[in-house]
Amino acid sequence: MISKLILNKRSVVHKFNIYFLFKENELVYIGRTKRLEDRILAHTKGNFVFDSYSVLEVNEEDFIDLENYYIFKYKPMYNKKLPTENWYKDYQAVAKLKYE
């Protein structure tokens, strides 16, 4: 099923992407990559169980921070290393200055 999803999605390879893996509509993993199709295929061969995914294309300067933000906010079960509360407070302060 995942292979069909990949073949039907428009290609966003080599761009900065945050991706979200779902199992039965539950968010189970958040990751980042510049090689989306390769990364999704790698997860199908790994220990993660998922049946769909969603992609957010982001700019390079927000690449890592946005991944950490979404992991902190949603705490997916396959994301073992979560950002700290202090990281989140610092991120909120920077984001407020940057986006307001």
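Which residue, with a positive phi, follows α3? In this predicted model, α3 is followed by K75, whose phi is near 50 degrees. K75 is placed in the loop between α3 and α4 (85-99), and with a relative accessible area of 45% the residue is partly exposed. A positive phi is also found at E24, again near 50 degrees and again in a residue other than glycine. E24 belongs to the loop between β1 and β2, where E24 is exposed, its relative accessible area being 65%. As background to both cases, most residues other than glycine have a negative phi.

The strands that flank E24 are part of an open sheet of 3 strands, arranged in the order β2-β1-β3 with antiparallel pairing. The edges of this sheet are formed by β2 and β3 (52-57), each of which pairs on one side only, and from one strand to the next the twist averages 20 degrees. Between β1 and β2, which run antiparallel, there are 7 bridges, and within this part of the sheet I18 is found opposite R32 of β2. Two helices are associated with the strands. Helix α2, comprising residues 36-44, lies across β1, β2 and β3 and runs at about 30 degrees to β1. Helix α3 likewise packs on the sheet, with contacts to β1, β2 and β3, and the direction of α3 makes about 165 degrees with that of β2.

The geometry of α3 was examined against the span expected for a helix of its length. With 12 residues at 1.5 Å a residue, α3 should span 16 Å, and the separation of 17 Å between its end C-alpha atoms agrees with this expectation. The buried residues of α3 are F63, L66, E67, N68, Y69, Y70, I71 and F72, a set that includes the charged and polar residues E67 and N68.

In soluble globular proteins, nonpolar side chains tend to be buried together. The largest nonpolar core of the model consists of 11 residues, namely F16, I18, F20, L27, I30, V58, F63, L66, Y69, Y70 and I71. Two or more residues of this core are given by each of β1 (17-23), β2 (26-33) and α3 (63-74), and the largest share, 5 residues, comes from α3. A second core, separate from this one, has 9 residues, among them L21, L36, I40 and Y53. Within the largest core, Y70 offers a view of how the helix meets its surroundings: when neighbours within four places in sequence are left aside, Y70 is in contact with I18, F20, I30, L56 and K75. The last of these contacts leads back to the residue that follows α3 and has a positive phi.

The loop between α3 and α4 also holds N79. Is this residue buried or exposed? N79 is buried, because its relative accessible area is 9%, and the cut-off for a buried residue is under 20%. The side chain of N79 reaches the backbone nitrogen of I30 at a distance of 2.8 Å. Apart from residues up to four places away in sequence, N79 touches V28, Y29, I30 and I71. Two of these partners, I30 and I71, are also members of the largest nonpolar core, and I30 is one of the residues in contact with Y70. The loop between α3 and α4 thus contains both the buried N79 and the partly exposed K75.

Notes
Residues numbered from 1 in each chain as written. Predicted model: local features only at pLDDT ≥ 70, side-chain atom pairs only at ≥ 80, totals over all residues. Heavy atoms only, no water. Core = buried A, V, L, I, M, F, W, Y, C linked by side-chain atoms within 4.5 Å. Buried < 20%, exposed > 50% of the residue type's maximum accessible area, 1.4 Å probe, protein only. Helix = DSSP H or I, 4+ residues; strand = E, 2+ residues; numbered from the N terminus. Contact = heavy atoms within 4.5 Å. Expected span 1.5 Å × (residues − 1). Polar contact = N/O pair within 3.5 Å; in protein donor to acceptor, adjacent residues only side chain to side chain. Pairing = 2+ DSSP bridges. Axes fitted to C-alpha atoms, helices over the stretch in contact; angles between N-to-C directions.
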